[in-house]
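Me: I want to learn how to read a model like this one. Please take me through it feature by feature.

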Amino acid sequence: MLWGFFLQSFKLLGFLDVKSVPCARESVLYGSVGSLVVGLGHFLATSRVRRSCDFAVGGFICTMLGYWFYCRYNLVQQRIRQRMLKEGMRNRILFEGSSFDPERKLTGNERSDS
């Protein structure tokens with residue numbers, strides 16, 4: 001419960017509100033996991049603490065930015081699909097039953113008129 005409260009009021013670098021910006025929370029969480037994996041992996045391979053911390057910071061930045069761009073790209077694609085679906089539903093309601101309805105079957109009389 002306390003952790004959820006912390007993430008609600010957490011601002012990264014003082015300006016990025018993690019709660020209100022889409023994909024920010026997940027990016028920070030995945031970045032921290034990436035930091036742990038890269039830093040610990042480098043430490044287990046080389047036993048150099050300072051260099052492992054440097055790799056951990058680099059892992060955090062790379063993982064966070066990588067997931068940020070991936071998530072934002074998917075968010076934009078989802079919004080585009082929603083907009084197209086909304087427009088299609090509006091056109092369906094608007095043109096249903098009229099001569100502009102693409103699903104309306106043309107009868108013999110209507111074919112000869114066009």
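Me: Which residues of α3 are buried?

Reply: Buried means under 20% relative accessible area, exposed over 50%, and partly exposed in between, with a 1.4 Å probe and protein chains only. In α3, the buried residues are S52, A56, G59, M64, C71 and L75. Keep the source in mind: this is a predicted model, where local features need pLDDT of at least 70, side-chain atom pairs count only at pLDDT 80 or more, and totals for chains, interfaces and linings use all residues. Residues are numbered from 1 along each chain as its sequence is written, and side-chain values use heavy atoms, with hydrogens and water left out.

Me: How do I read the span of helix α3?

Reply: The expected span of a helix is 1.5 Å times one less than its number of residues. Helix α3 covers residues 49–95, which is 47 residues, so 69 Å is expected. Its end C-alpha atoms are 68 Å apart, which agrees. Just after α3, G97 has a positive phi of about 85°.

Me: What does UniProt place at residues 52–70?

Reply: UniProt positions are given in the numbering used here, feature names are shortened, and annotations may be inferred rather than shown by experiment. The unreviewed entry has a "transmembrane region" there. In the model, residues 52–70 are 100% helix and 0% strand. The end C-alpha atoms of this span lie 26 Å apart.

Me: Where do helices and strands fall along the chain?

Reply: Both are DSSP runs, numbered from the N terminus: helices are H or I, at least four residues, and strands are E, at least two. The protein chain has 4 helices and 2 strands. Their pattern is α-β-β-α-α-α.

Me: Which residues of α2 are buried?

Reply: A24, S27, V28, G31, G34, S35, G39 and H42. Helix α2 spans residues 24–46 and reaches 32 Å from first C-alpha to last, close to the 33 Å expected. S47 follows α2 with a positive phi, near 60°.

Me: Is V37 buried or exposed?

Reply: V37 sits in helix α2. Its relative accessible area is 56%, so V37 is exposed.

Me: What share of the whole protein chain is buried?

Reply: Buried residues are 17% of the 114 in the protein chain. For longer-range packing, count contacts, meaning heavy atoms within 4.5 Å. Of the contacts between residues at least 6 apart in sequence, 46% join residues at least 24 apart.
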